[in-house]
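Work through the exercises below with the sequence and the coordinates open. Each task is followed by a solution in steps.

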Amino acid sequence: MTTIAEPPSIWTAATAVDDRRPRSKQTQLGASETVCEMRAAHRIAGTEPTDPTDKKMAILGTYIHEGLLTAARTEYGWLVEKATASELVRGHVDAVQLDAETAARLPKRLRPVVPSQDGVTVEDVKTKSTYKWDQVLRYGATAAEIRQTYLYAGMLRERGFEDRPGQRQIARLGPLNVQRIRLRFINRDNGSEFTQEFAFDEFEAATARWWVEQVHALPGPHAARRDFDGPGLDAVCDYCPVRTACWGMPARPGIPVQTNLVHDDKDREQALADYVAGAEQEKAGKKVKDLARKKLDNSPAGDYGPNRLKWTGGNAAKSTDVQAMVDLHEEARIPVPMIPDAARMEKNLKDAGIAVPQRENGKLTARSINVSPVPAAKPSKVA
Ligand code: SF4
């Protein structure tokens with residue numbers, strides 16, 4: 001028999017190429033790494049990655065970036081993927097659309113086809129999944145995404161592009177008069193596009209710079225704040241290369257790392273109070289949602305204010321036709337499987353008043369939490 005060797009995974013090649021990218025080897029804090037204070041602190045401290053990360057989504061994002069930004073450069077003449085740096089942070093700005101005045105100081109081949117009418121515009125492109133798309137349309141960029149773009153804009157205003165091979169001419173422009181910020185979101189599943197644009201705000205830029213200065217001023221990662229709730233709760237932690245350095249190992253395998261946040265009964269008291277408060281909010285929210293759902297049941301699909309109503313389902317449900325399958329088996333002379341029907345046998349025994357026999361199956365039952373008020377202490381009897 002000839003054995004055909006499994007073809008190698010294309011992701012092995014893609015990951016190897018990605019690991020050789022200059023950005024993957026960068027040791028200074030990158031503006032794109034300012035999403036979490038703890039993560040940024042580990043980067044500044046030079047912590048080696050403690051955890052393997054699945055890079056597929058990040059690599060796909062890089063490919064989409066490269067394709068779209070190359071198109072923006074060749075078709076619109078925007079400056080794309082150019083480096084800027086300060087002594088605290090560095091990064092590659094996705095796109096800069098120069099205004100006519102600034103562009104006039106460059107050779108024609110580096111000028112935008114259509115200069116920005118509103119002053120130099122700094123753009124950051126973000127790819128998102130359909131799962132996150134609703135959130136993008138409803139709330140726009142996150143605080144961390146806005147901070148990252150302001151870091152680029154701030155560095156360009158203070159210093160301009162970095163003076164390095166491949167961008168010497170644009171570096172000679174010196175500090176740029178950035179006037180606009182643009183965040184462009186691309187749905188990586190269907191290509192939908194959404195942009196958010198606003199005027200440059202000096203206060204926002206100072207806040208972003210201050211954020212980075214604060215992290216640099218920390219005595220080390222042990223003093224940094226975790227900006228996310230950890231693996232299993234925030235996807236950014238699931239993909240974080242220093243998640244073990246950040247959270248440590250759980251006391252025993254299989255329990256969440258967040259258990260490391262509870263050290264004594266005071267912590268337990270606080271966690272229980274948080275649990276009760278969260279459950280109350282959840283209950284109140286569900287009550288509002290359930291009433292609204294019932295009220296809408298007779299409403300046609302359409303746009304109502306900022307929200308779009310769509311209906312799915314409502315079609316005749318189908319289930320497997322067992323008798324038709326038996327007939328088809330007999331026609332095709334395939335033996336009909338005679339596996340005992342456990343559900344039926346269980347019902348028969350219960351109907352006959354006989355206990356259903358049980359045995360351990362090697363699995364553990366799910367642990368459920370049950371929180372109730374501590375009963376009031378009984379009044380002591382007075383003699
Ligand atoms: S695991 Fe989460 S909280 Fe910790 S450093 Fe990484 S992103 Fe930040």
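**Exercise 1: a surface residue**

Task: classify L60 as buried, partly exposed or exposed, and place L60 in its element and its patch.

Solution. In this predicted model, L60 has a relative accessible area of 34%. Buried means under 20% and exposed means over 50%. L60 is therefore partly exposed, since 34% lies in between.

Next, the element: L60 belongs to helix 4, which covers residues 56–76.

Last, the patch. A patch residue needs over 30% relative accessible area, and L60 has 34%. Together with M57, Y63 and Y239, L60 forms a nonpolar patch on the surface. The accessible area of these residues together is about 360 Å².

**Exercise 2: the domains**

Task: state how the protein chain is divided, and what distance separates the centres of domain 1 and domain 2.

Solution. Domain 1 spans 10–238 and domain 2 spans 262–295. Taken over C-alpha atoms, the centres of domain 1 and domain 2 are 36 Å apart.

**Exercise 3: the cavity**

Task: count the cavities of 30 Å³ or more, give the volume of the largest cavity, and describe its lining.

Solution. The count of cavities of 30 Å³ or more is one. The largest cavity has a volume of about 110 Å³. Its lining is made of 13 residues, of which C36, F228, C237, C240 and C246 are the closest to the centre.

By element, helix 3 (37–45), helix 10 (235–238) and helix 11 (243–247) each give two or more residues to the lining. Helix 11 gives the largest share, three residues.

Conventions:
Residues numbered from 1 in each chain as written. Predicted model: local features only at pLDDT ≥ 70, side-chain atom pairs only at ≥ 80, totals over all residues. Heavy atoms only, no water. Patch = residues over 30% accessible without salt bridge, like charges linked within 9 Å, V, L, I, M, F, W, Y side chains within 5 Å. Areas by Shrake-Rupley, 256 points an atom, 1.4 Å probe, with all protein chains shown as cover. Salt bridge = Lys/Arg side-chain N within 4 Å of Asp/Glu carboxyl O. Helix = DSSP H or I, 4+ residues; strand = E, 2+ residues; numbered from the N terminus. Buried < 20%, exposed > 50% of the residue type's maximum accessible area, 1.4 Å probe, protein only. Domains from an automatic or database assignment. 1 Å grid on protein atoms, 1.4 Å probe; cavity = no way out; pocket = protein on both sides within 12 Å on 5 of 7 lines; lining within 4 Å. Points joined across faces, edges and corners; volume = space filled by probe spheres on them.
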